[in-house]
Amino acid sequence: MSLLDLRQKAWSAALIVLFFVAWELFCLMTGMSDLILPRPSQIFTTLIEKLPILWPHILQTLATTMLGFVLGVGLGVALGAVIGVSKTAYDTCYPLLVGFSSIPKVAVVPIFVLWFGSGTVPAVLTALSICFFPIVVNIATGLATTEPELEDVLKALGASKFDILWNVGLPRTMPFFFASLKVAVSYAFVGAVLSETVASNRGIGNVMMTASSNFNVPLVFAGLFVLAGLGVALYAIFSLIEGQVTGWATRKNDLIAT
Amino acid sequence: MMRMQPVSEFKGMPVSENPAPVAIELSDTSVTFGRGAKAVPALSKTTLRIADGEFVALVGPSGCGKSTILRLVSGLVQPTTGVVIVGGREVAARALRVGMAFQNPTMLPWMTIERNIMLPLKIVEPYRSQFRKLRRTEFRDKANALLEQVGLKGFGGKFPWQLSGGMLQRANLCRALIHEPRLLLLDEPFGALDQFTREELWSILQQLWMTHKATVLLVTHDLREAGFLASRICVMSARPGRIVDDSRVTFARPRTVAMTFEPDFVALNQKLRAFIVDARSASQAGAA
């Protein structure tokens, strides 16, 4: 990493800190009640104080998110592969998928609760249903953009559809796939918390719901911070994996950086 | 539709003068895309015999079905009538293992050139089942030997984006040849290259052909290219294509670029050109 790069990073970090300082100062100067907008310092102390209580809920939310995400990725890849390979599947599934993804997921949660009761299952399902769509779209797009000439070269060699999919189609979708994973993991998070908020007695969503009905606004915000922190962490992890696996697609950035 | 002047049909043409076995045989083969009112005839009944080891160039106006013949031979297109026999058996469902190269080199960007070239070995038996075992040793040497032949020694570890268009096209030829196909099908492989690179690649391709002894079927728009490379040139009429001329090219090998400016060569070019101009004007008259 070059010096210029480090300086850039330092600036970004400083600006982020500045944002919280400004928030703190704003609250202090306007004498804002912590029932409306607590100060960041209050939020952090609440967060640290309540961490032992929050911890199982964090784990719960993380578990449902990841489970929903993993299932969503599996479903998304399978569906995306089918749609990307078969024209018929594309024509039938695409309108259905677009329709389904247009439904606000908060409207679906009650149905999941009706079917499976409240708790973990609807949270996982909501996470799944909200996160698989970007994966389907990206896998399908990646497969559909395989060069016809290369396909001909391989078919003339006697390659099966699976050979082509495995050697050319799927590797080509990897940059699309990892880009969609970053988005999908955030979506899964939204889905899980949404469902916990509506119908669960565990998880960060539920903690925030309870805290807000007790007017414990700092705790509500602490919950938000936890969610934001987890979201950033997951996003960062998948960005890192993306960089490792699909470096070939972003080589231009590397060239500029080196 | 107005028919052209009586065209020599090649059904009865004696091929016996050439003792080599027949590599490709099209008999009364025609191709029509689509059905009913939307049917587009792409290739009229065509009969063509290509002997083993021949280098045949197909030239003709654009859209005349040259590529269709290539796709018939490779099994990518099924004939509407007639049969296509390649290597002694009818082209049915694929599995011909022919080498193919197009104008677009289509190297996979996530693999090094070496691994790109080895791609056919991952698909074609008997290499396929040995691929895991030999990809780091024998197959790799094979790829690099080919790269050396086309003047890309030491470029095996590079990625496609690090190579120029001409270099990628050389690699493309290597990929088409790595599994030692009996038959090499080239669809305007040098169409996107500049004149000088193209001429350089002609010599390389000629060299490859002389060492590998495969049967080559080359589709091209470039009459000089056809004259330089081919041992036989078939001229096709406008869509739906038919073969209107079939000439042997007897210039000694290895041929050189300087040779393409000699009177004999220029005369051949002009003869071919006249056929194509005829075919074009006939199709325009037919369309009017």
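**Close-up views of a two-chain predicted model**

**View 1. Strand β3 of chain B is enclosed on both faces.** B:Phe55, B:Ala57 and B:Val59 on one side of β3(B), and B:Val56 and B:Leu58 on the other, are all buried; a residue is buried if 20 or more other C-beta atoms lie within 10 Å of its own, exposed if 12 or fewer, and partly exposed in between, with C-beta atoms placed from the backbone. The strand is thus described as mostly covered, with five of its five residues buried. In a regular strand the side chains alternate between the two faces of the sheet. The structure is a predicted model, in which local features need pLDDT of at least 70 and side-chain atom pairs count only at pLDDT 80 or more, while totals for chains, interfaces and linings use all residues. Residues are numbered from 1 along each chain as its sequence is written, and chains are lettered from A and ligands numbered from 1 in the order in which they are written.

**View 2. Strand β3 of chain B pairs with β8(B) and with β9(B).** Helices (H or I, at least four residues) and strands (E, at least two) are DSSP runs, numbered from the N terminus, and two strands pair if DSSP finds at least two bridges between them. Strand β3 (residues 55-59) and strand β8 (residues 215-219) of chain B run parallel and are joined by four bridges. Within β8(B), B:Val216 is the bridge partner of B:Phe55, and B:Leu217 is that of B:Val56. Four bridges also link β3(B) to β9(B) in the parallel sense, where B:Val56 stands opposite B:Arg232. Strands of a sheet pair through backbone hydrogen bonds, either parallel or antiparallel.

**View 3. An open sheet of six strands in chain B carries helices α1 and α5.** The strand order is β6-β7-β8-β3-β9-β10 (chain B), and the pairing is mixed. At the edges stand β6 (99-102) and β10 (243-248) of chain B, each with a single partner strand, so one side of each has no neighbour in the sheet. From one strand to the next, the twist averages 15 degrees; angles run from 0 to 180 degrees between N-to-C directions, and axes are lines fitted to C-alpha atoms, for helices over the stretch in contact. Helix α1 (residues 66-73) of chain B packs on the sheet and touches β3, β7 (183-187), β8 and β9 (232-236) of chain B, its direction making about 150 degrees with that of β8(B). Helix α5 (residues 165-177) of chain B lies across β6 and β7 of chain B and runs at about 160 degrees to β6(B). Chain B as a whole contains eight helices and 10 strands, and 45% of its 288 residues are buried.

**View 4. Helices α3 and α8 of chain A pack against each other.** Their axes lie 7 Å apart, at an angle of about 145 degrees, and the crossing is right-handed (the near helix is turned clockwise from the far one by less than a right angle; anticlockwise would be left-handed). Residues of α3(A) in this contact include A:Gly68, A:Phe69 and A:Gly72, and those of α8(A) include A:Leu181, A:Ala188 and A:Phe189; two residues are in contact if their C-beta atoms, placed from the backbone, lie within 7 Å. The contact divides into 12 nonpolar, six polar and two charged residues, where Ala, Val, Leu, Ile, Met, Phe, Trp, Tyr, Cys and Pro count as nonpolar, Asp, Glu, Lys and Arg as charged, and the others, Gly among them, as polar.

**View 5. A:Leu59 lies in helix α3 of chain A.** This helix covers residues 51-85. A:Leu59 counts as partly exposed because it has 13 C-beta neighbours inside 10 Å. Its C-alpha atom is separated by 16 Å from that of A:Ser186, 127 residues apart along the chain. Chain A has 11 helices and zero strands, and its C-alpha trace spans about 75 × 55 × 30 Å along the principal axes. Buried residues make up 36% of its 258 residues.

**View 6. Chain A meets chain B.** Here 17 residues of chain A are in contact with 22 residues of chain B. On the chain A side, α7 (148-156) and α8 (161-198) each supply at least two residues, and α7(A) gives the most, with seven residues. By class, this side of chain A has nine nonpolar, two polar and six charged residues.
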